[in-house]
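Student: I am new to this structure and would like to look closely at one single part of it. Could you take me through that part slowly, in one connected answer?

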Amino acid sequence: MLHNNTRLFFWGGVLVAIVLLSFCSSLFSPYDAYSIDPLSRLKPPDAAHWFGTDNFGRDLFVRVAVAVRVSLSVGAAVALIAGFTGLTVGLLCAWFRPLDLILMRVCDGLFAFPSLLLAIAIVGVLGPNIANVVLALSLVYVPSIARVIRGAAMVVKEKNFIEALRAQGASSGRIIWLHLLPNVISPLIVQVTWVFSVAILTEAALSFLGSGVPAPTPSLGNLLLEGKAVIFTAWWMTFFPGIAIVLLILALNIIGDDLRDGAEPGLKALPVRVMRQLKKGAQRG
Amino acid sequence: MKWFLFHRLMALLPVLFVVSLVVFCLVHLAPGDPVLVILGNDASPQDIATLRQQMGLDQPLLAQFVRWFGAVISGDLGHSLFLNASVTDLFMQHLAPTMSLALYALAIALTFGLAGGVVSAWQHGRLADRVIRSLATFGMSVPGFLLGLFLIFVFAVRLRWFPVVGYRSTNDDGLLNLWYLTLPAIALGFRIAALISRMTRAVMLDVLQENYINTARAKGVPESLVLLRHTLKNALIPVLTICGESFASLVTGTIVIESVFGIPGIGSLIVDSIERRDFTVIQGVVLLITVCYVLINLLVDVLSYLADPRLSVEGSEN
Amino acid sequence: MADPLDEPHLLRVNNLQVSFATPKGVVTPVRDVSFHVGRHETLGIIGESGCGKSVTAQALMGLLTPRTSRVDGEIILSGERLDVLSSGTRRRRSGRDIAMIFQDPLSSLNPVFTIGFQIEESLRLHTSLKRQQRREKVISLLEQVGIPEPARCASAYPHELSGGMRQRVMIAIAVSNSPSLLIADEPTTALDATIQAQILDLLDDIKRQSAMGIVIITHDLSVVARLCQRVVVLYAGQVVEETDVVTLFQHPRHPYTRALLAARPSAGREPKSRLDEIRGSVPALDALPQGCAFAGRCSRATTRCLEDSPPLRMLGGATHQVRCWYAENTGSPS
């Protein structure tokens with residue numbers, strides 16, 4: 001148990017550090033993410049520019065910080081929008097049979113697409129900007145949340161207390177929002193946290209392909225795209241955004257794992273002192 | 001069993017319908033006029049009107065959909081707006097590189113994923129297990145394109161073991177083809193290997209708790225066989241399902257990896273078509289990819305069903 | 001506890017102790033168990049759930065995970081010490097010299113292999129029979145355990161068979177290499193009453209046909225009465241009484257044994273009278289009392305019982321051992 005708590009705190013700390021650094025970057029650096037300085041193009045990391053500069057002379061540290069901000073915001077927006085929409089759709093489908101037939105088919109259809117493909121197609125035809133990225137990703141992930149919520153809600157729906165409420169004359173609305181909803185919060189949180197980290201990854205891929213957040217706004221994906229062009233000459237352009245995204249996703253995954261699994265009964269490593277006791281040979285009893 | 005297959009296929013139809021609907025809406029609700037895109041903004045109103053009529057764009061949306069859907073069913077996916085080829089031809093031309101890459105990546109992912117999962121379960125709690133699990137968590141957190149860039153930098157540029165970018169088709173030389181595809185396949189397969197490894201470990205550990213594993217040991221089956229025959233065979237059934245799900249990662253992954261490594265496959269086709277606003281190609285290719293994806297999922301479902309004798313062979317009691 | 005006749009036993013277990021490492025600390029479900037089994041003898045090990053009988057069986061077969069368990073004491077089969085063997089060598093003995101059948105035949109058979117495969121595997125591991133010979137032996141084994149249509153059964157999967165058939169298959173697997181010792185862990189608990197009788201008869205038949213010793217682990221006294229020559233009574237990880245079956249039923253000396261016998265529903269009882277129950281429950285493994293483990297539930301407990309843990313002592317005759325301070329004073333059961 002001790003083993004897992006240290007890990008949780010460590011990565012929680014990493015996450016908090018990343019978030020703080022990215023949102024408070026102006027405290028650490030006088031540069032701004034957009035001003036061009038042709039004299040300082042593609043400088044390697046030094047005391048003035050901790051992460052070096054890019055091909056427009058912009059300070060990379062600030063750009064990475066803003067990129068993290070952008071990616072986190074996009075992820076959060078998608079998680080919230082998909083979360084609310086998926087929750088509503090899932091609950092309504094679980095309760096109203098005719099809605100279920102139509103909406104679930106639509107969800108199945110959307111779910112049938114590989115996620116990046118659908119996102120890239122949507123952004124591709126609507127045009128790349130942040131709003132469209134959020135819209136596309138939300139559309140992509142709503143079905144997975146809706147399905148989970150619907151499944152969980154249908155299980156609750158069969159329970160006796162729902163029948164009792166109906167017999168008492170409670171309205172559908174009341175039952176759905178006051179009684180079904182609290183019982184699906186747990187799977188909802190699990191799904192939403194998953195969507196949060198997956199959305200960040202997908203947005204990075206989108207931006208890397210040029211169908212995501214448009215320049216000059218930095219995103220972890222398009223910074224890597226810029227880095228790819230100069231990978232042989234300016235390693236820092238790929239290295240720092242790369243480290244940032246790996247640390248971010250790693251932290252989210254590890255924390256998410258721990259929260260999701262709780263304790264795996266019987267599969268945890270046993271505490272050291274217990275093993276020692278066993279080895280010594282307990283002559284008790 | 002036949003009922004199962006029939007049932008599954010029937011369930012597919014509404015899904016495929018919605019998919020085509022979505023694809024159609026995608027393109028036709030987009031801002032911008034495809035006619036203007038083709039002819040350019042200086043085109044005369046007459047030319048615009050003619051082309052619009054030719055392309056059927058003056059019809060109401062529903063009629064357009066019916067027309068398009070009908071064409072699709074009979075196999076006609078239209079023509080590229082920019083390249084002088086039908087969508088189907090373009091798809092076929094670009095298919096081989098993607099298939100090679102995908103299969104190579106899948107082979108890598110299955111080999112390392114299964115092996116990693118089995119070793120992890122066998123050494124449960126010990127160092128090897130922890131190492132493999134950390135590697136898997138890490139693998140899941142690195143986006144494929146980043147890994148690709150890293151591999152290029154280390155192995156192609158610094159060490160010069162592999163070519164940097166590009167592709168050689170199998171028509172030229174099979175081994176050369178593999179050499180060019182190795183780095184991209186690793187970049188693509190690593191993440192999937194991580195997923196498979198985690199799942200395999202979890203399932204194997206579950207199965208190892210079962211009573212029949214104890215019976216095998218009591219029979220005198222050596223531990224290696226207990227793992228590799230008795231446990232793994234039971235573990236493969238849920239693992240097969242996971243492979244199906246990770247196919248999505250494979251499909252989406254090729255899109256990005258092809259862009260990193262300059263492989264002229266379906267992914268590049270999509271990306272280029274989006275850049276060019278070549279709507280018919282976007283429509284057709286997205287549809288084709290999704291249909292393939294749906295069918296492959298169906299295949300995996302059927303295989304999982306067949307692999308479990310409890311499902312496919314009728315029992316006398318449960 | 002030396003046997004005065006000094007006859008080499010098929011199985012001798014000396015001071016067996018099993019400890020497990022759990023997240024809460026070390027627990028010792030088997031504290032001090034010794035017994036022996038003769039070559040042609042059926043020994044019953046009886047006790048409530050939690051007394052350590054299944055753990056004893058698993059320890060005998062070497063099925064406990066070495067990483068989280070520790071087994072002390074001697075396990076001697078046909079003169080060879082099993083407990084000092086390497087795990088590989090010991091595994092080779094399993095299924096050949098010592099075999100086991102388990103409680104729930106459905107979950108104890110691998111669902112993805114056919115019955116024939118699972119029996120044949122046992123033959124393949126321990127004999128040098130050719131494939132055709134193995135196939136024939138599988139059929140003959142299935143016949144021997146009383147399965148109709150053995151060929152069809154061999155190509156079937158476990159879930160296609162009924163509970164009784166599955167247990168017969170387990171027995172077939174266990175006896176396929178004519179082991180000298182068979183351990184049956186609650187073989188009939190998961191079966192219907194009518195099938196139980198059939199399986200017990202089958203076990204008896206098989207024992208008669210071969211020179212096999214059997215250890216039957218059960219909580220059911222009727223099974224003991226039917227099949228066993230000698231009985232060991234287990235409580236809280238210790239042997240509390242060991243004797244032949246007739247003496248056990250007619251002259252039980254340990255209060256726990258007496259209480260077990262009294263708690264059975266019997267045919268001669270007055271209708272509608274309450275069944276005797278043993279008040280209290282088995283002590284938790286991590287909270288074992290200082291004195292006799294049964295003292296808290298014993299109607300005859302004294303302060304001595306609460307403070308001092310009694311040793312296992314021989315009563316007058318050489319073949320009756322009891323772990324109780326007052327074993328001699330116990331008269332005939334009421």
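Student: Which residue of β8(C) is the bridge partner of A184(C), and what surrounds that strand?

Tutor: Please keep in mind throughout that this is a predicted model. The bridge partner of A184(C) in β8(C) is I216(C), and that pair is a good place to start. A184(C) lies within strand β7 of chain C, residues 181-185, which runs parallel to β8(C) and is joined to it by five bridges. Strand β3 of chain C, residues 42-46, is likewise joined to β8(C) by five bridges, and these two strands also run parallel. Here the pair to look for is I45(C) with I217(C), its bridge partner in β8(C).

Turning to the strand itself, β8(C) covers residues 213-218, and because six of its six residues are buried, the strand is largely enclosed by the rest of the structure. In a regular strand the side chains alternate between the two faces of the sheet. In β8(C), G213(C), V215(C) and I217(C) point one way, while I214(C), I216(C) and T218(C) point the other way, and the residues of both sets are buried. The two bridge partners named above therefore belong to opposite sets, with I217(C) pointing one way and I216(C) the other, and both are buried.

The link between β7(C) and β8(C) can also be followed through helix α8 of chain C, residues 193-209, since these three elements make a right-handed β-α-β unit.

For contrast, consider P8(C), which is placed in the segment before β1 (11-22) of chain C. P8(C) counts as exposed because it has 12 C-beta neighbours inside 10 Å, and exposure is assigned at 12 or fewer. From P8(C) to Q250(C) there are 242 residues along the sequence, and the C-alpha atoms of the two are 28 Å apart in space.

Chain C also touches chain B, in a contact that takes 28 residues from chain C and 22 residues from chain B. On the side of chain C, the elements giving two or more residues are α2 (87-93), β6 (98-101), α3 (105-108) and α4 (115-126). Of these, α4(C) gives the most, with four residues, and the residues on this side divide into twelve nonpolar, ten polar and six charged.

The partner, chain B, has 13 helices and zero strands, and buried residues make up 41% of its 318 residues.

How values were computed
Residues numbered from 1 in each chain as written. Chains lettered and ligands numbered in written order. Predicted model: local features only at pLDDT ≥ 70, side-chain atom pairs only at ≥ 80, totals over all residues. Buried ≥ 20, exposed ≤ 12 C-beta atoms within 10 Å, placed from the backbone. Pairing = 2+ DSSP bridges. Right-handed = clockwise from strand over helix to strand, strands pointing away. Contact = placed C-beta atoms within 7 Å. Nonpolar A, V, L, I, M, F, W, Y, C, P; charged D, E, K, R; others polar.
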